[in-house]
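Thanks for coming, everyone. Please take a look at the structure on the screen, and then I'll walk you through it.

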Amino acid sequence: MAYLYLAIAIAAEIAGTSMLKYSEGFTKLNYSIGCIAAYSICYFTFSKALGQIHLGIAYATWCGVGIVVTAILSWLLFHEKLTPAGIVSLILIVVGCVCLNLFGTK
């Protein structure tokens with residue numbers, strides 16, 4: 001159940017970050033409200049995940065997946081560039097998160 005909470009937190013964080021871009025500095029009300037709601041869900045479910053997952057593991061996974069998916073979405077939705085070095089960096093983030101989840105705690 002803890003990993004389900006973590007997945008919901010990650011999805012909400014990605015949604016909130018995307019809406020933050022669309023809100024144009026909180027000048028568009030609907031996206032601004034959506035952003036705040038998504039981040040509220042994110043932090044609530046992340047706190048629930050921390051009941052069973054170590055903070056370091058949960059936070060690294062939350063950040064790592066959020067960074068990778070947000071970078072891909074920014075490329076797809078906002079036509080922002082991803083350089084080869086950026087792509088390698090995203091791959092390294094994924095590898096680091098996987099290693100931390102597999103070997104990070106006793």
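**A buried serine, and what surrounds it**

Let's start with one residue: Ser32 counts as buried, because its relative accessibility is 6%. Buried means under 20% relative accessible area, exposed means over 50%, and partly exposed is in between, with a 1.4 Å probe and protein chains only.

Before I go on, a word on the source. This is a predicted model, so local features need pLDDT of at least 70 and side-chain atom pairs count only at pLDDT 80 or more, while totals for chains, interfaces and linings use all residues. Residues are numbered from 1 along each chain as its sequence is written, and side-chain values use heavy atoms, with hydrogens and water left out.

Back to Ser32. Ser32 sits in helix H2, residues 29-49. Helices here are DSSP runs of H or I with at least four residues, strands are runs of E with at least two, and numbering goes from the N terminus. What does Ser32 touch, leaving aside its neighbours within four places in sequence? Ser23, Phe26 and Thr27. Contact means heavy atoms within 4.5 Å.

Now take Phe26, one of those contacts. Phe26 is in the loop between H1 and H2. With a relative accessible area of 46%, Phe26 is partly exposed. Its phi is near 60°, a positive value in a residue other than glycine. Glu24 is in the loop between H1 and H2 as well. Its phi is positive too, near 50°. For background, most residues other than glycine have a negative phi.

**The whole chain**

Let's step back. The chain has four helices and zero strands. Read along the sequence, the pattern is α-α-α-α. The C-alpha atoms fill a box of roughly 45 × 35 × 15 Å, taken along the principal axes. Of the 106 residues, 28% count as buried. Look at contacts between residues at least 6 apart in sequence: 65% of them join residues at least 24 apart.

**Helix H3**

Next, helix H3, residues 55-78. How far apart are its end C-alpha atoms? They are 32 Å apart, which agrees with the 34 Å that 24 residues should span at 1.5 Å a residue. That expected span is 1.5 Å times one less than the number of residues.

H3 has a list of buried residues, among them Ile57, Ala58, Trp62 and Val68. The buried residues of H3 pack against helix H1 (2-22), H2 and helix H4 (84-103). Just after H3 comes His79, with a positive phi of about 55°.

What about Ser18, over in helix H1? Ser18 is buried, because its relative accessibility is 14%. Setting aside neighbours within four places in sequence, Ser18 is in contact with Leu73 and Phe78. Phe78 has another partner: Lys21 lies over the face of its ring, at 5.4 Å from the ring centre. To count, NZ of Lys or CZ of Arg must be within 6 Å of the ring centre and within 35 degrees of the ring normal.

**The aromatic rings**

Now the rings. The structure holds seven aromatic pairs. Rings of Phe, Tyr and Trp (its six-membered ring) pair if their centres lie within 6.5 Å; planes under 30 degrees apart are stacked, over 60 edge-to-face, and the rest tilted.

Take Tyr39 and Tyr43. Their ring centres are 6.4 Å apart and their planes are at 25°, so this pair is stacked. The two are four residues apart in helix H2, so about one helical turn separates them. Why does that spacing matter for direction? An α-helix has 3.6 residues a turn, so residues three or four places apart point the same way.

Tyr43 also pairs with Trp62, and that pair is edge-to-face: 5.8 Å centre to centre, 70° between the planes. Tyr43 lies in helix H2 and Trp62 in helix H3, so the pair ties together parts that are 19 residues apart in sequence. Is Trp62 buried or exposed? Buried, because its relative accessibility is 8%. Ring pairs link Tyr39, Tyr43, Phe46, Tyr59 and Trp62 into a cluster.

**The cysteines**

Last stop. How many disulfides does a search of the whole structure find? Zero. A disulfide is a pair of cysteine sulfur atoms within 2.5 Å. For Cys35, the closest cysteine sulfur is in Cys42, 10 Å away, so it is too far for a bond. Cys35 is buried, at 2% relative accessibility. For Cys99, the closest is in Cys97, at 9.5 Å, again too far for a bond. Cys99 is partly exposed, at 38% relative accessibility.
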